[in-house]
Amino acid sequence: MDAQTLEGCIFAGFFGLFFGNFSTSPIYRLPRKESLFLRDPYCGDCNTKLVPKDLFPVVSWLMTKGKCRYCGASVPGTYAGIEALVGLMFVVIYLKSGFSQDFILVSFGMTALLMIGVMLYIDDFFSGKTVIASMFLGALYRTLHEGTIYNVAGGAFAGLLIGSAIWRFSGKNLIRDIAAFPGYLNLLVAAGIWLPLPHFFLACLAAAIACLFRKGRPWIVEWTLITYVVIDVCMLLN
């Protein structure tokens, strides 16, 4: 690895860590229907305003041993985990695409999907706004990257068609508003937008296998789809 690539990895890693740190705010606030921008970061237990030394990605959590320095309340390690994971993901995407429009769109789009997984894990909450943001970024990325919107439209249609069939044959009435679909149906559309069709069908297969283990793990299909899409999109970058 030459010096320029190493510098790029360091910059991408720090950028990812701080973007991962920012993502913890909507991860906490969206399930609680709080504004993302009208209030400074604060402790969810004692409401104390957090200062910069409380907000340094991963390090602040380690320095306080996973507790609020003001009231001693436990801070879930999942928050530090998402910061570290996003930082690592940014480095991988940089190594695959450099600092380019692909880097920006894929980094942000994949972070949005990871945020959904964390919200499901911590608060049992699926964010429709976040998955729509990821869909938009995915559509923009593939349209710019491939020079056509038809692949995006076809993937979205395939996701909607398969998701609607699952919903219909599950005994539920078909809901025409996609925002009202269960989480896994929204994610199927997102997967169709981000992935080429052969990869999308493999994602559907992975989700079908995950269904076999759904008992006692209510979000395993959603986590499977998110994990598959994030890994596959990063691997497909060039």
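Helix α1 is the biggest contributor to the lining of the largest pocket, giving six residues. Keep in mind as you look around that this is a predicted model. Two pockets are covered here: the largest, with a volume of about 860 Å³, and the second largest, at about 350 Å³.

**The largest pocket**

- The volume of this pocket is about 860 Å³, and 37 residues line it.
- To find its centre on your screen, look for T24, Y42, L50, L55 and V75, the lining residues closest to that point.
- Four elements give two or more residues to the lining: α1 (3-29), α2 (59-63), α3 (77-97) and α4 (101-123).
- Among these, α1 gives the most.
- By residue class, the lining of the largest pocket holds 20 nonpolar, seven polar and ten charged residues.

**The second largest pocket**

- This pocket has a volume of about 350 Å³.
- Its lining is made up of 16 residues, and those closest to the centre are L85, L114, I226, T227 and V230.
- At least two lining residues come from each of α3, α4 and α9 (220-236).
- Helix α3 has the largest share here, with seven residues.
- The lining of the second largest pocket has twelve nonpolar and four polar residues, and no charged ones.

**Helices to follow across both pockets**

- Helices α3 and α4 each give two or more residues to the lining of the largest pocket, and each also supplies at least two to that of the second largest pocket.
- Charged residues number ten in the lining of the largest pocket, whereas the second largest pocket has no charged residues in its lining.

Conventions. Residues numbered from 1 in each chain as written. Predicted model: local features only at pLDDT ≥ 70, side-chain atom pairs only at ≥ 80, totals over all residues. Heavy atoms only, no water. 1 Å grid on protein atoms, 1.4 Å probe; cavity = no way out; pocket = protein on both sides within 12 Å on 5 of 7 lines; lining within 4 Å. Points joined across faces, edges and corners; volume = space filled by probe spheres on them. Nonpolar A, V, L, I, M, F, W, Y, C, P; charged D, E, K, R; others polar.
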